[in-house]
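Let's take a walk through a protein together, one region at a time. Keep the structure open beside the text and find each residue as it comes up.

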Amino acid sequence: MALTLNHYSIRTTDMAATERFYVDVLGLTVGPRPPFPFPGLWLYRGPHTDVANAVVHVIGIDMNDPEGLKNYLGDRDIGSLHGSGAVDHVAFFADGLEQMLDHLAQMKVVPRQRTVPEIHLHQLFFDDPSGVVVELNYPTDEKYALDKKRAAGLAA
């Protein structure tokens with residue numbers, strides 16, 4: 001059996017904030033979604049013609065009509081919808097570290113950064129509006145080049 005990550009879903013009572021975060025911070029785009037019996041968004045990384053590019057599914061909770069969601073996916077306690085629960089974080093491979101760090105600074109998102117030299121990854125961690133931890137993994141070569149560039153800029 002071959003496995004690849006298809007998507008992750010977030011249940012939220014604030015779809016607007018969740019959409020803004022994933023669109024403005026990660027650059028995902030809102031695309032087609034089947035007509036499920038509850039509100040929601042599918043956020044894509046890549047062409048909307050391939051549903052495999054819908055990497056984040058936002059599940060909206062309609063407090064005035066929760067039955068469609070309850071009947072389709074089951075009921076969840078609203079109090080359990082903050083944070084990642086048993087899932088610690090969701091990670092993406094990425095490129096363009098310098099541009100993302102500049103972008104996050106403009107968005108006033110302060111990432112927690114770690115470098116794992118043994119596997120050649122530089123990691124950024126930050127939280128979405130629902131408290132789900134998002135991790136972006138960059139090649140360490142980008143981090144080292146950025147450090148070198150910034151050191152040269154400070155020395156000049």
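**From charged pairs to the core**

With a relative accessible area of 35%, D147 is partly exposed. That is our starting point, and please keep in mind throughout that this is a predicted model. What does D147 form with K143? The two make a salt bridge, and their closest N and O atoms are 2.9 Å apart. Both residues belong to helix α4, where they sit 4 residues apart, about one turn of the helix. Their surroundings can be described with one simple cut-off: a residue counts as buried when its relative accessible area is under 20%. K143 has 17% relative accessibility, so K143 counts as buried, whereas D147, at 35%, is partly exposed.

Why might such pairs turn up at all? Side chains of opposite charge can pair when their charged atoms come close. A search of the whole structure finds 4 salt bridges, and two others deserve a visit. One of the salt bridges joins E98 to K149, with 2.9 Å between the closest N and O atoms. E98 is in helix α3 and K149 is in helix α4 (residues 140–155), so this pair ties together parts that are 51 residues apart in sequence. E98 itself counts as partly exposed, at 26% relative accessibility.

Next, look for R150 and D102, whose side chains meet in a salt bridge (3.8 Å, N to O). Because R150 lies in helix α4 and D102 in helix α3, this pair ties together parts that are 48 residues apart in sequence. Both partners are partly exposed: R150 has a relative accessible area of 40%, and D102 has one of 38%.

Now let's turn to the nonpolar residues. How many residues does the largest nonpolar core have? It has 26, and those with the most contacts inside it are Y22, L26, V56 and F126. Many elements take part: β1 (8–12), α1 (15–25), β3 (40–44), β4 (54–60), β5 (90–93), α3 (97–107), β7 (121–127) and β8 (133–139) each supply at least two residues of this core. Helix α3, which we met through its salt bridges, gives the most to this core, with 4 residues. There is also a second, separate core of 5 residues, which includes I59, I61, L69 and L81.

Two members of the largest core are worth a closer look. Y22 is found in helix α1 and counts as buried, at 0% relative accessibility. Leaving out residues up to four places away in sequence, Y22 touches Y8, I10, G27, L28, L43, V56, D128 and V134. You can also see how the fold brings in parts from elsewhere in the chain: Y22 and V58 are 36 residues apart in sequence and 10.0 Å apart in space, C-alpha to C-alpha. V56, one of the contacts of Y22, has a list of its own. With residues up to four places away in sequence not counted, V56 touches H7, Y8, I10, Y22, L28, L41, W42, L43 and F92.

From the cores we move on to the pockets. The largest pocket holds about 360 Å³ of space. Of the 14 residues that line it, L26, R45, F93, A94 and L136 are the closest to its centre. You may recognise L26, which is also among the residues with the most contacts inside the largest core. The lining of this pocket divides into 9 nonpolar, 3 polar and 2 charged residues. Which helix supplies the largest share of the lining of the largest pocket? That is α3, with 3 residues.

The second largest pocket contains about 310 Å³ of space. It is lined by 15 residues, and the closest to its centre are S9, I10, R76, G83 and V132. Here the largest share of the lining, 4 residues, comes from β1. The residues divide into 7 nonpolar, 6 polar and 2 charged.

Our last stop is a pair of loops. K108 lies in the loop between α3 and β6 (112–116), and H120 lies in the loop between β6 and β7. K108 has a positive phi of about 60 degrees although it is not a glycine, and H120 likewise has a positive phi of about 60 degrees without being a glycine. Are these residues buried or exposed? K108 is exposed, with a relative accessible area of 72%, and H120 is exposed at 53%.

Notes
Residues are numbered from 1 along each chain as its sequence is written. This is a predicted model: local features need pLDDT of at least 70, side-chain atom pairs count only at pLDDT 80 or more; totals for chains, interfaces and linings use all residues. Side-chain values use heavy atoms; hydrogens and water are left out. A nonpolar core is a set of buried Ala, Val, Leu, Ile, Met, Phe, Trp, Tyr and Cys residues joined through side-chain atoms within 4.5 Å. Buried means under 20% relative accessible area, exposed over 50%, partly exposed in between (1.4 Å probe, protein chains only). Contact means heavy atoms within 4.5 Å. On a 1 Å grid over the protein atoms alone, a cavity is a set of points where a 1.4 Å probe fits but cannot get out, and a pocket is an open set with protein on both sides within 12 Å along at least five of seven lines; lining residues have an atom within 4 Å of a point. Grid points are joined across faces, edges and corners, and a volume is the space filled by probe spheres set on the points. Ala, Val, Leu, Ile, Met, Phe, Trp, Tyr, Cys and Pro count as nonpolar, Asp, Glu, Lys and Arg as charged, and the others, Gly among them, as polar.
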